[in-house]
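Please open the model in a viewer and keep the selection panel at hand. The stops below name what to select and describe what is found there.

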Amino acid sequence: MLAKIARPKKPTLLQLLFALLLVLCLSSFSLFGIIDVFEWTSDSDNFDSSGRDADSDQVNFLDFLNGEWEQESHPDMFGGSLIDNKLFSPTSTWKRVYRHAQNIASKELNESDFHELVLYARAHYITYTVLHHAPTRLKRQLRRVSPERDITEFHRNLENTTVALETQLYPWLWPPFRGGVAEMHRMLLASAPPVGLAMTTGEAHFYPAQHLLLALRRVLNVSEPIEVFHSGRRDLPKRNGEVLRAIPHVSVRNLQRWFPHETAVNGHAWSYKAFALLAAHARVVLFMDPDVAFMKNPVDEVLRNSKLFAKHGALFFRDRKIYNGARLSAVRLFNQMNPHMSLRARSGFYAHTNDSDGRRWTTEEQESGFMALDKSRPGVLIAALFAAKLNSRGPRTSVFYRDCHGDKEAYWFAFESLRVPYGFTPAYSGSIGVREDDPVPEVLASNQDSENEETEHTAAETIRTARVCDGRHAHMDETGEQLFWFHDGGVIDDYRRSKPPRRQFKFATLTHIAMHTHPKADELPWTGVSCLRRPVDEVVNLTSAELELVERYKEIYRTEITVVEKNP
């Protein structure tokens, strides 16, 4: 006979309350944490119920990582997406960007879709930053709202996602940097020289390159190591490389050693520059084109005098402020890549394709003949990687070089896309050469405030103008008051056609600078690529010290250049 089973007693109200409290205490999540986990698994890939998309989520989270959350708007603010954004939540936004990163990490990247390319690059930058550089407290907070059970699993999944994105975006990092971006960064911090200069050159630019190296060493007293990169013997013959290597503390390096597929000789030598920036050994790299002439010691000017470089670790120079309808495709590409631009980009003229006054546009923004990057800063390093991606074989062939003039815009495009702060010197490119006065005064319809999208109209003004026409573009220092460097041939004319075996270099006449440092008369146009017309007070003589330096540079060509005969 079965024993009679006693009916259990009904729990009292006190027992029910105690049991509920015990469940809440033992749970690894708070009530809100449970809701968070449910939201993590229920949101769609690109949109949540509030209509947020992956692009704006990434931008918001990157501005948060840059320290802009709960800050009032101020003139130095870079991103600005969180201004008056009362709905922003770091943890909720992290859940969406992390889930999006995990979803796309296993999908094939379409390199011809530049908006998709930016989404992948941002996803990688976010997961890499959280994995390797986020403060411990923030990392713990993000782990609590992530689906992983503990910090070990969180790290493992985060690393797997980062590596999967990295191998899709930057496959050429292997084998030169076997540990990927993290290994590259560790190498920079552990053994790299603090400061170095770098350039790319081939046989066509051999004499300007040799001249620049001699000028840096013998005239400007630059002592830091210099690396010269090329793309193999077809690009720079052995004898030419030996001549450059004989200059003190100059190394000549073959980019094929690091990036053989991306830097093969193919008519796209512009692309070598972005990969040379990565291969350069120094933490702080000052990159220069071989046809640059410096009027100041570039190391001193950047490291001691540049507030922009000290703040951002990335210093860029502007190209001409010029409207070229053929280059409007580049502006459209930029807008496609960056639907949510930073305050920095919106404050300029490049991004505005719908301005009613076309004279205020520019379709040229960055001059990449000289730039300075501090690769020890993780954001700067990854932005430099993305600039190389834009210059890699697939993207440059299918889109970038079709829509842009070579590599020039790639660097600030990359920094802007990844929300990595950067600095442009304030003045647009000027012109250096000989002054020509205009016989007829110019009547200006209005003056314009270059730092404000609103145009301030004043009464018509008649001004005297002059122009400088020589084809060399001049760049002022950060104050906008002194000439820093110029390019497109240095002190010789048509350097690729000069006949160096008889030292028959044809020298340029350089006596004046037409500066573009103020918004006044912005509508005065460039004529072609070489003539800049400005109010007469912005067309000035070279100083006696500058004229003396120009003559010293000519003397190097006359007496110190080593001539290498071409093979018949």
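Begin by selecting Phe334, which counts as buried because its relative accessibility is 0%. This is a predicted model, and every stop of the tour should be read in that light.

**The ring pair of Phe334 and Trp412**

Add Trp412 to the selection; at 2% relative accessibility, Trp412 is buried as well. Phe334 and Trp412 form a tilted aromatic pair, with 4.7 Å from centre to centre and 35° between the planes. Colour the two helices involved: Phe334 belongs to helix 14 (residues 328-337) and Trp412 to helix 18 (residues 410-417). The pair thereby links distant parts of the chain, 78 residues apart.

Next, extend the selection to the cluster of which both rings are members. Ring pairs connect Phe78, Phe114, Trp270, Phe316, Phe334, Phe400, Tyr401, Trp412, Phe413, Phe415, Tyr422 and Phe424.

**A second ring pair**

How many aromatic pairs does a search of the whole structure find? The search returns 39 aromatic pairs. For another example, select Phe61 and Trp94: their ring centres are 5.7 Å apart and their planes stand at 35°, so this pair is tilted. Phe61 is part of helix 3 (residues 54-65) and Trp94 is part of helix 4 (residues 90-105), so the pair ties together parts that are 33 residues apart in sequence. Phe61 counts as buried, at 0% relative accessibility. Trp94 likewise has 0% relative accessibility and counts as buried.

**Arginines over rings**

Select Arg257 together with Trp258. Arg257 lies over the face of Trp258, 4.6 Å from the ring centre. Then select Arg318 and Tyr428, where Arg318 is placed over the face of the Tyr428 ring at 4.7 Å from its centre.

**Backbone details**

Select Trp174 and Pro175 and display the backbone. The peptide bond that joins Trp174 and Pro175 is cis, with omega about 10°. Pro175 is located in the loop between helix 7 (151-169) and helix 8 (180-191).

Move to Arg419, in the loop between helix 18 and strand 8 (423-424). Arg419 is not a glycine, yet its phi is positive, at about 65°. Is Arg419 buried or exposed? With a relative accessible area of 2%, Arg419 is buried.

Asp488 is the next selection, in the loop between strand 15 and strand 16 (512-516). Its phi is near 75°, a positive value in a residue other than glycine. Asp488 has a relative accessible area of 31% and is partly exposed.

**Helix 8**

Return to the element that follows the loop of Pro175, namely helix 8. Twelve residues at 1.5 Å a residue should span 16 Å, and the end C-alpha atoms of helix 8 are 17 Å apart, which agrees. Show the side chains of its buried residues: Gly180, Val181, Ala182, Met184, His185 and Leu188. These buried residues pack against helix 5 (114-132), helix 7 and helix 16 (378-390).

**Helix 19**

Select residues 544-559, which make up helix 19. This helix has 16 residues and reaches 22 Å from its first C-alpha to its last, close to the 22 Å expected at 1.5 Å a residue. Which residues of helix 19 are buried? They are Glu546, Leu549, Val550, Tyr553, Lys554, Ile556 and Tyr557. Looking down the axis, one finds that these residues cover an arc of only 150°, which puts them on the same side of helix 19. Turn the view to the face directed away from that buried side: the exposed residues Ser544, Ala545 and Glu548 are carried there. To see what covers the buried residues, display elements including helix 9 (206-218), strand 5 (293-294) and strand 15 (483-487).

**The whole chain**

Finally, zoom out and show the complete chain as a cartoon. The protein chain contains 19 helices and 19 strands. Of its 568 residues, 54% count as buried. Among contacts between residues at least 6 apart in sequence, 76% join residues at least 24 apart. Switch to a surface display to end the tour: the protein chain exposes about 26000 Å², and carbon and sulfur atoms supply 52% of this area.

Key. Residues are numbered from 1 along each chain as its sequence is written. This is a predicted model: local features need pLDDT of at least 70, side-chain atom pairs count only at pLDDT 80 or more; totals for chains, interfaces and linings use all residues. Side-chain values use heavy atoms; hydrogens and water are left out. Rings of Phe, Tyr and Trp (its six-membered ring) pair if their centres lie within 6.5 Å; planes under 30 degrees apart count as stacked, over 60 as edge-to-face and the rest as tilted. Helices (H or I, at least four residues) and strands (E, at least two) are DSSP runs, numbered from the N terminus. Buried means under 20% relative accessible area, exposed over 50%, partly exposed in between (1.4 Å probe, protein chains only). A charge sits over a ring if NZ of Lys or CZ of Arg is within 6 Å of the ring centre and within 35 degrees of the ring normal. The expected span of a helix is 1.5 Å times one less than its number of residues. The arc is that of the directions from the helix axis to the C-beta atoms. Contact means heavy atoms within 4.5 Å. Accessible areas come from the Shrake-Rupley method with a 1.4 Å probe; for residues, only the protein chains shown count as cover.
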